[in-house]
Amino acid sequence: MRKLLYILTTLFLVTACTGDEIEPVVPIPNDECPIAFACIMENETNMQQGSGRSAIRRKAPTALAQNFKLWGYKTTATGTQSVFDGYNIEYKNGTAGTTESNTHDYEYVGIENNGLSGGIQTIKYWDFGASAYRFWGATGGTFNANGTTLTIPGLSLSTAEPTTPLFSALYHRSPVSSEVVQLQFKRPYAKVRVMFYNSEELTGDDQVLLTDISFGGGTGSIATSGQLVVTYPTTSTTTETITQTNSATQDALTFNGVTLDATHGTTSNNAVLAVPTGGTDWYYTLPLSTAATAPAFTLNATIDGEAKTATIPTAYMQWKPNTSYTYIFKISESGNKLDYGDVIIEPWLFGGSQDEEWHNW
């Protein structure tokens, strides 16, 4: 009977992440209830700001399907204690159900831990006498001795999607219960693109040509290489904090020319993408700044031979990890005026499909 109870309650879940609610794990009377995990990319919420436009965007997260290192602490009457001290969590496709601790192809029991504890990793159970638990993890980078600081080096500006370590948000639980712990993993990069549309109708062979397109905040405003340091608290209820060190910078992002005509860039809904120099769609950037230090950015372009500029307020220039930014610019008065139109700010989700529903520009 005990073996059956273990099988029913041992849910170390780094799940298939379909976006469905994960059923809670019900503790058994003897309190031997294994701690359970589910690892997903951040849930999508609509965060766009701008000129009264709204959109509904849905994208189902997918399985993490990667090994990662896990840290966990609990708070008791006697202080804070380590529970998972850099446990190695291994993804083994097709092995779900083969052990008590593996229901979704992720295993941690019986694996050697080369960290501080050494030896072979064992199963962990909830302490219902604890007042709180905190968990976090990463697929790469380097943790310090107690796991509270993660350093992710070697980040660089790119026009190709980086393959880079992921880090989780802090997961805090209080009061203690045995529901599945859902770790949410993030990328250390943001991604940025610019688009254009013409507010006046173009007919026949009429065109608006944009060249010499650049987007920046002045001298050294964009990091081209650097590292992030993520700090996790073991006692407070605050989230993780992120600090950034840049080793090289540049003044602006540059883009190939854009042509607007009677069928391309006629409204904000079919704005034309300015392709990044040397790329195809997005710039993958290091985080930019905090609200206190964010510069205003300027979009510079030559429109039909005349230099034009548009300024983005500092409120929209706080590039954050795991977030995408689409800046849309409007051309009017027969190409004589360039305006900032809107910015779409939303979580950069991993995998899945996306539906869009547009309302009221």
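How many of the residues of β12 are buried, and why is this strand largely enclosed by the rest of the structure? Nine of the nine residues of β12 are buried, so the strand is largely enclosed by the rest of the structure; here, buried denotes a relative accessible area under 20%, exposed one over 50% and partly exposed anything in between, computed with a 1.4 Å probe on protein chains only.

The structure is a predicted model, in which local features are reported at a pLDDT of at least 70 and side-chain atom pairs at pLDDT 80 or more, whereas totals for chains, interfaces and linings use all residues. Residues are numbered from 1 along each chain as its sequence is written, and side-chain values use heavy atoms, with hydrogens and water left out. The mean pLDDT (the predictor's confidence in each residue, from 0 to 100) of the protein chain is 80, and 77% of its residues reach 70 or more. Over residues 1–30 the pLDDT is below 50, and this stretch has 79 contacts in the model beyond near neighbours in sequence, a contact being heavy atoms within 4.5 Å. The pLDDT is likewise below 50 over residues 351–361, for which 40 contacts beyond near neighbours in sequence are found.

The secondary structure of the protein chain comes to one helix and 24 strands, these being DSSP runs numbered from the N terminus (helices H or I of at least four residues, strands E of at least two). Of the 361 residues of the protein chain, 47% count as buried. Among contacts between residues at least 6 apart in sequence, 70% join residues at least 24 apart.

Strand β12 spans residues 190–198, and its side chains alternate in direction: Ala190, Val192, Val194, Phe196 and Asn198 point one way, Lys191, Arg193, Met195 and Tyr197 point the other way, and all are buried. Strands are taken to pair if DSSP finds at least two bridges between them. Eight bridges join β12 to the parallel strand β22 (residues 323–332), where Met195 stands opposite Ile328. Three bridges join β12 to the antiparallel strand β19 (residues 283–285), and two join β12 to strand β18 (residues 272–273), again antiparallel; in β18, Val272 is the bridge partner of Phe196.

Within β12, Lys191 stands opposite Tyr284 in β19. Lys191 is buried yet has no salt bridge, and the nearest side chain of opposite charge, Glu161, is 5.9 Å away; a salt bridge requires a side-chain nitrogen of Lys or Arg within 4 Å of a carboxyl oxygen of Asp or Glu. Leaving aside neighbours within four places in sequence, Lys191 is in contact with Trp282, Tyr283, Tyr284, Thr323, Ser324, Tyr325 and Trp348.

The largest nonpolar core, a set of buried Ala, Val, Leu, Ile, Met, Phe, Trp, Tyr and Cys residues joined through side-chain atoms within 4.5 Å, holds 35 residues, of which Phe196, Leu210, Phe215, Trp319, Tyr327 and Phe329 touch the most other members. Elements giving two or more residues to this core include β12, β13, β22 and β23 (337–347). Phe329 touches, among others, Val194, Met195, Phe196 and Tyr197, as well as Phe215 and Leu338, not counting residues up to four places away in sequence. A second, separate core of 21 residues includes Ile35, Phe84, Ile89 and Val181.

Elsewhere, four strands form an open sheet in the order β7-β8-β14-β15 with antiparallel pairing. Strands β7 (142–143) and β15 (241–250) stand at the edges, each with a single partner strand, so one side of each is left without a neighbour in the sheet. Six bridges join the antiparallel strands β8 (residues 149–156) and β14 (residues 222–231), and Leu150 stands opposite Val230 in β14.

Several backbone features were also noted. A cis peptide bond, with omega about 0°, joins Ser174 and Pro175, and Pro175 lies in the loop between β10 (171–173) and β11 (181–186). Asp212, although not a glycine, has a positive phi of about 50°; Asp212 lies in strand β13 (residues 208–216) and is exposed, with a relative accessible area of 59%. Asp304 also has a positive phi of about 50° without being a glycine, but is placed in the loop between β20 (297–303) and β21 (306–312) and, at 42% relative accessibility, counts as partly exposed.

Methods
Lys and Arg count as positive and Asp and Glu as negative; His and the chain ends are not counted.
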